[in-house]
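Welcome! Here are a few exercises to work through with the structure in view. Try each task before reading its solution.

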Amino acid sequence: MARKIRQPAARTQGKTTRARRVLLMVATRKGAWLYHGDAARKTWRADGPHFLGHVISQVVLDPRDGRTLLAAAKTGHLGPTVFRSTDLGRNWKEAARPPAFAKAAEGEKGRSVDHTFWLTPAHANEPNVWYAGTSPQGLFRSED
């Protein structure tokens, strides 16, 4: 999915113009890659791999700030989790509490998240809220 990223306004002979870059986010079973392109999409710079060897279901750019990325990952040693970058992928931090079902009562069969396949930011008036869809079926809301 390609998204346009806003850059600070540039001055050209007394006029103020907005330079636009394009970010293409690629999620694969072997990691994630970010491709940074110019507005004309003629020149690209590859950035990655991120999370090499882990299954990445989705990478999402937050349109509310244009620099925060979330990645839904299924790692061998951590299990299903979500990573967040606030600097367009230069640094990543794992979620303190990734999507998980409540613990089942004793004697009952519980459910566990196999993977997160869908991430989306909430409305602009909720700047720190994200939603995650999981398999088996679950919808989780995060405020951090």
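**Exercise 1. Describe the pattern that the chain follows along the sequence.**

Solution. Step one: read along the sequence of this predicted model, and you meet the pattern β-β-β-β-β-β-β-β-β-β-β. Step two: count by type, which gives 11 strands and 0 helices.

**Exercise 2. Find the order of the strands in the open sheet of 4 strands, and name its edge strands.**

Solution. Start with the order, which is β5-β6-β7-β8, with antiparallel pairing. Next, look for strands that pair on one side only: these are β5 and β8 (93-94), the edge strands. Now zoom in on one pair: β5 and β6 are joined in the antiparallel sense over 6 bridges. For a single example, take Val59, whose bridge partner in β6 is Ala71.

**Exercise 3. Locate the largest nonpolar core and work out which strands supply at least two of its residues each.**

Solution. First, the size: this core has 13 residues. Second, the residues with the most contacts inside the core are Leu23, Met25, Ile56, Val59 and Leu69. Third, go to the strands: β2 (15-28), β3 (31-38), β5 (55-61) and β6 (69-75) each contribute at least two residues. A second, separate core has 7 residues, among them Leu70, Val82, Trp130 and Ala132. As general background, nonpolar side chains in soluble globular proteins tend to be buried together.

**Exercise 4. List what Leu69 touches, leaving out residues up to four places away in sequence.**

Solution. Begin with Leu23, Met25 and Val59, which are among the residues that Leu69 touches; these three also belong to the residues with the most contacts inside the largest core. Then add Leu34, Val60 and Leu61. Finish with Phe83, Arg84, Ser85, Leu88, Gly89 and Trp92.

**Exercise 5. Decide whether His36 is buried or exposed, and find its neighbours.**

Solution. Place the residue first: His36 lies in strand β3. Its relative accessible area is 12%, and buried means under 20%, so His36 is buried. Setting aside residues up to four places away in sequence, His36 touches Val22, Leu23, Thr43, Trp44, Arg45 and Asp47.

**Exercise 6. Step back to the whole chain: what share of its residues is buried, and how much area does the chain expose?**

Solution. Of the 144 residues in the chain, 33% are buried. The chain exposes about 9400 Å², and carbon and sulfur atoms supply 50% of that area. Lastly, among contacts with a separation of 6 or more, 31% come from residues 24 or more positions apart.

How values were computed: Residues are numbered from 1 along each chain as its sequence is written. This is a predicted model: local features need pLDDT of at least 70, side-chain atom pairs count only at pLDDT 80 or more; totals for chains, interfaces and linings use all residues. Side-chain values use heavy atoms; hydrogens and water are left out. A nonpolar core is a set of buried Ala, Val, Leu, Ile, Met, Phe, Trp, Tyr and Cys residues joined through side-chain atoms within 4.5 Å. Buried means under 20% relative accessible area, exposed over 50%, partly exposed in between (1.4 Å probe, protein chains only). Contact means heavy atoms within 4.5 Å. Two strands pair if DSSP finds at least two bridges between them. Accessible areas come from the Shrake-Rupley method with a 1.4 Å probe; for residues, only the protein chains shown count as cover.
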